Amino acid sequence: MKKFIYVIIFFSFFDLFTQLPVMSTYAESLGASAFLTGLAVGMYSLSNTFGNIISGFLTDRKGPFVILVLGLLTTGLSLSLYNLVEDPTTLLIVRFVHGLVAGFIVPAAFTFLANATEQEKRGKGSAISGAFVGIAAIIGPAFSGILASRTSVPFVFNITASCMLLLGILTFFILKSNQIKKEKSTPSTHIPISVFFNNSGTLKAFAGAFFLMFSQGVIAYLLPLKVQSLGFDSRLSGTLMSAFGIIAVLVFILPTNRIFDKVAPIKTLSLGIGLMGVSQLLISQADSSTWLYLAMACYGIGFGFLFPSINSLLIDSTTADIRGKAYGYFYAFFSLGVVLGSSLLGWLSLGIVSGFIFTGIVLLVFASMILIPYKRPSHA
């Protein structure tokens with residue numbers, strides 16, 4: 001059952017990462033202006049935020065099984081809608097629908113996984129799920145970039161749509177027997193939003209998720225420009241991203257993942273975000289490809305420590321009956337981080353070096369603040 005959930009997590013993030021290299025050029029090919037092209041790229045993350053929050057509420061009311069099946073099937077159908085796109089306006093509508101329904105999957109999948117994982121193994125379990133996210137980040141962009149250049153963007157999305165629809169059908173039959181009793185015994189609760197934001201554990205998990213993807217947005221925005229400014233070919237940006245992904249996956253799957261069950265998640269969270277901050281400062285000062293690879297290796301290790309830590313912290317700070325809502329807000333902060341990571345630096349008009357320095361300092365300050373203890377309840 002857990003292995004099947006890992007497959008669902010892989011394809012949900014595979015769907016996300018396949019969009020990255022092709023969406024802007026696809027929008028331009030439809031005649032979109034620079035503004036509409038940017039809006040088309042960001043529309044998915046915007047509506048995905050709402051989808052995550054809706055999924056969290058519905059997961060606690062209906063159980064993760066129902067929402068997981070619904071999310072997979074509707075995401076598969078929404079991906080097929082790209083075949084009908086002929087102009088930028090239609091693309092924006094499809095992007096909104098795609099992001100909204102795709103937002104149902106991840107909170108439900110992680111809630112299902114968290115509820116099925118023993119407390120003493122939640123750290124290692126989070127690391128393994130993070131490995132599937134990392135693998136999707138490595139495979140997805142290369143898959144769509146190569147295939148779209150030989151066929152078309154809708155064709156790439158059709159393949160993902162087929163996988164999602166097949167997973168939705170398999171989920172109904174494979175997970176149904178594992179979920180019926182759990183759903184009947186789950187009480188219906190109405191928890192105010194303030195409870196999550198007044199609890200130090202969930203608040204730090206949300207903040208960790210936000211800054212994780214904030215830094216990702218900065219990397220996606222500034223790293224290609226940094227590589228170009230040093231006179232290197234644009235292919236170096238791709239290999240640097242792959243290197244970071246591979247190192248993060250190694251942290252997730254090697255025996256080192258046992259550390260997440262032995263050390264308090266708040267400490268590994270601080271270490272992870274701190275290493276990511278240091279990597280941003282290293283990139284700002286890098287003047288060779290060797291230093292860039294070392295900086296991205298540092299970033300990959302930080303990412304490898306951070307992702308399982310924020311998941312473990314969220315599990316430790318919530319109970320099963322409200323975990324769906326918690327994961328809904330958790331992944332909403334993921335989406336917001338991606339949007340703000342690049343747009344904030346553009347709005348501040350920071351250069352390449354100053355942009356990396358600013359982000360590095362912000363991450364290091366957060367890494368320090370995260371260790372400050374608060375007298376809060378142990379569970380939200």
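Okay, a bit of vocabulary before we start: Ala, Val, Leu, Ile, Met, Phe, Trp, Tyr, Cys and Pro count as nonpolar, Asp, Glu, Lys and Arg count as charged, and the others, Gly among them, count as polar. Keep that in your head, we'll use it in a minute. And one caution: what you're looking at is a predicted model.

So, the overall picture. The protein has 17 helices and 0 strands. If you lay a box along the principal axes, the C-alpha atoms fill roughly 60 × 50 × 35 Å. Why do we say the radius of gyration agrees with a compact globule? Well, for 380 residues such a globule would come out near 21 Å, and the protein has 20 Å, so the two agree. On top of that, buried residues make up 52% of the 380. And take the contacts with a separation of 6 or more: 86% of them are between residues 24 or more positions apart.

Now let's go inside. How many cavities of 30 Å³ or more are there? The count comes to 1, and that cavity holds about 80 Å³ of space. If you want to find it on your screen, the lining is Tyr6, Phe110, Leu113, Ala114, Thr117, Arg122, Gly125, Ser126, Ser129, Asn311, Ile315 and Tyr327. Three elements give two or more residues to that lining: α6 (105–116), α7 (122–150) and α15 (289–316). The largest share comes from α7, with 4 residues. Here's where the vocabulary pays off: the lining divides into 6 nonpolar, 5 polar and 1 charged.

Let's stay with helix α15, since Ile310 is found there. Is Ile310 buried or exposed? With a relative accessible area of 0%, Ile310 is buried, because the cut-off for buried is under 20%. What does Ile310 touch, not counting residues up to four places away in sequence? That would be Ala205, Gly208, Ala209, Leu212, Leu269, Phe330 and Phe334. You can also check the distance from Ile310 to Leu203: they're 107 residues apart in sequence, and 10 Å apart in space, C-alpha to C-alpha.

Right next door, Ser309 is in helix α15 too. Ser309 has 1% relative accessibility, so it counts as buried. Again not counting residues up to four places away, Ser309 touches Phe260, Pro265, Thr268 and Leu269. Notice that Leu269 turns up in the contacts of Ile310 and in those of Ser309.

Over to helix α11, residues 200–229, where we find Met213. Met213 counts as buried because its relative accessibility is 11%. Leaving aside neighbours within four places in sequence, Met213 is in contact with Phe334, Gly337 and Val338. Phe334 is a name you've heard already, from the contacts of Ile310. And the C-alpha atoms of Met213 and Gly341 are separated by 7.2 Å, although these residues sit 128 residues apart along the chain.

Last stop: salt bridges. A search of the whole structure finds 1. Which side chains meet in it? Those of Lys325 and Asp60, at 3.4 Å, N to O. This pair links distant parts of the chain, with Lys325 in helix α16 (residues 323–348), Asp60 in helix α3 (residues 34–62), and their positions 265 residues apart. Both Lys325 and Asp60 are buried.

That's my tour, thanks for listening!

Methods. Residues numbered from 1 in each chain as written. Predicted model: local features only at pLDDT ≥ 70, side-chain atom pairs only at ≥ 80, totals over all residues. Heavy atoms only, no water. Salt bridge = Lys/Arg side-chain N within 4 Å of Asp/Glu carboxyl O. Buried < 20%, exposed > 50% of the residue type's maximum accessible area, 1.4 Å probe, protein only. 1 Å grid on protein atoms, 1.4 Å probe; cavity = no way out; pocket = protein on both sides within 12 Å on 5 of 7 lines; lining within 4 Å. Points joined across faces, edges and corners; volume = space filled by probe spheres on them. Contact = heavy atoms within 4.5 Å. Rg over C-alpha atoms; globule rule 2.2 N^0.38 Å.
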